[in-house]
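Student: I should like to learn how the features of a protein model are read. May we work through one example together?

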Amino acid sequence: MEKILFLAFVFYVLQCFFMYRQMNHFKSIVKDFMTKGHVGIGEKKYKLAAGNVVVLVSDDAGRILEAKQMKGRTVLARFKNIVEWQGKNVRILRREALQAKKQNKALLQALDNLEEKLSLS
């Protein structure tokens with residue numbers, strides 16, 4: 001019984017450590033993007049399926065300068081560059097995302113966030 005409790009504690013500590021590293025990675029991505037332009041962040045969580053986080057940065061004209069996406073169920077997931085979104089206008093990317101067979105809700109949320117920021121500036 002003591003061994004099971006000890007193992008559960010070790011796994012809990014490991015999860016906390018990896019969650020801390022993942023949050024620091026997310027913060028560094030957002031901090032880097034904020035120096036480049038307007039930042040839009042979208043996330044979609046699922047109970048059993050893999051979650052999805054999208055971070056976009058655009059210039060004042062609404063052109064996507066950089067895009068990163070993190071998909072996964074575990075704290076080991078990392079951001080990956082999404083090259084096909086780079087260079088596109090926010091409105092064009094939204095149209096493409098809405099027409100896609102499987103909609104990326106995190107991308108749509110990030111685009112909403114960006115459009116709101118672009119309309120305010």
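Tutor: The discussion below takes up the sheet, the pockets, the nonpolar core and the aromatic pairs in turn. Please keep in mind that this is a predicted model.

Student: Let us begin with the sheet. In what order do the four strands lie, and is the pairing parallel or antiparallel?

Tutor: One reads a sheet by following its strands from neighbour to neighbour. Here the four strands form an open sheet with the order β1-β2-β3-β4, and their pairing is antiparallel. Strands β1 and β4 are the edges, each pairing on one side only.

Student: How many bridges hold β1 and β2 together?

Tutor: Seven bridges link β1, residues 38–44, with β2, residues 51–58, in the antiparallel sense. One position to locate is His38, whose bridge partner in β2 is Ser58. The connection between β1 and β2 is a hairpin of six residues.

Student: And how many bridges join β2 to β3?

Tutor: There are eight bridges between β2 and β3, again with the strands running antiparallel. To find the register on the display, look for Val57, which stands opposite Glu66 in β3.

Student: I turn now to the pockets. What is the general idea behind finding one?

Tutor: A probe the size of a water molecule is rolled over the atoms, and this shows where empty space is left. In this model, the largest pocket holds about 460 Å³ of space. Its lining comprises 21 residues, and Gln22, Lys45, Val53, Met70 and Gly72 lie nearest the centre.

Student: Which elements give two or more residues to that lining?

Tutor: They are α1, β1, β2 and β3. Helix α1 gives the largest share, with four residues. Sorted by class, the lining has 10 nonpolar, five polar and six charged residues.

Student: How much space lies in the second largest pocket, and which residues line it?

Tutor: The second largest pocket contains about 260 Å³. Among its lining residues are Lys44, Tyr46, Gly51, Asn52, Lys71, Lys102 and Lys105. Both β2 and α3, the latter spanning residues 105–120, supply at least two residues of this lining. By class, the second largest pocket is lined by four nonpolar, four polar and four charged residues.

Student: Which residues have the most contacts inside the largest nonpolar core?

Tutor: A core is read from its best-connected members outwards. The largest nonpolar core has 16 residues, and those with the most contacts inside it are Val54, Leu56, Ile64, Trp85 and Leu107. At least two residues of this core come from each of β2, β3, α2 (90–99) and α3. The largest share, seven residues, is supplied by α3.

Student: Finally, how many aromatic pairs does a search of the whole structure find?

Tutor: The search finds two. Phe26 and Phe79 form a stacked pair, with 6.1 Å centre to centre and 25° between the planes. The pair counts as stacked because its planes are under 30 degrees apart. It links distant parts of the chain: Phe26 belongs to helix α1 (residues 2–34), whereas Phe79 sits in the loop between β3 (64–72) and β4 (80–81), 53 residues away.

Student: Is Phe79 buried or exposed, and how is Phe26 classed?

Tutor: Phe79 is buried, because its relative accessible area is 10%, and the cut-off for buried is under 20%. Phe26 has a relative accessibility of 22% and therefore counts as partly exposed.

Notes: Residues are numbered from 1 along each chain as its sequence is written. This is a predicted model: local features need pLDDT of at least 70, side-chain atom pairs count only at pLDDT 80 or more; totals for chains, interfaces and linings use all residues. Side-chain values use heavy atoms; hydrogens and water are left out. Rings of Phe, Tyr and Trp (its six-membered ring) pair if their centres lie within 6.5 Å; planes under 30 degrees apart count as stacked, over 60 as edge-to-face and the rest as tilted. Buried means under 20% relative accessible area, exposed over 50%, partly exposed in between (1.4 Å probe, protein chains only). Two strands pair if DSSP finds at least two bridges between them. On a 1 Å grid over the protein atoms alone, a cavity is a set of points where a 1.4 Å probe fits but cannot get out, and a pocket is an open set with protein on both sides within 12 Å along at least five of seven lines; lining residues have an atom within 4 Å of a point. Grid points are joined across faces, edges and corners, and a volume is the space filled by probe spheres set on the points. Ala, Val, Leu, Ile, Met, Phe, Trp, Tyr, Cys and Pro count as nonpolar, Asp, Glu, Lys and Arg as charged, and the others, Gly among them, as polar. A nonpolar core is a set of buried Ala, Val, Leu, Ile, Met, Phe, Trp, Tyr and Cys residues joined through side-chain atoms within 4.5 Å.
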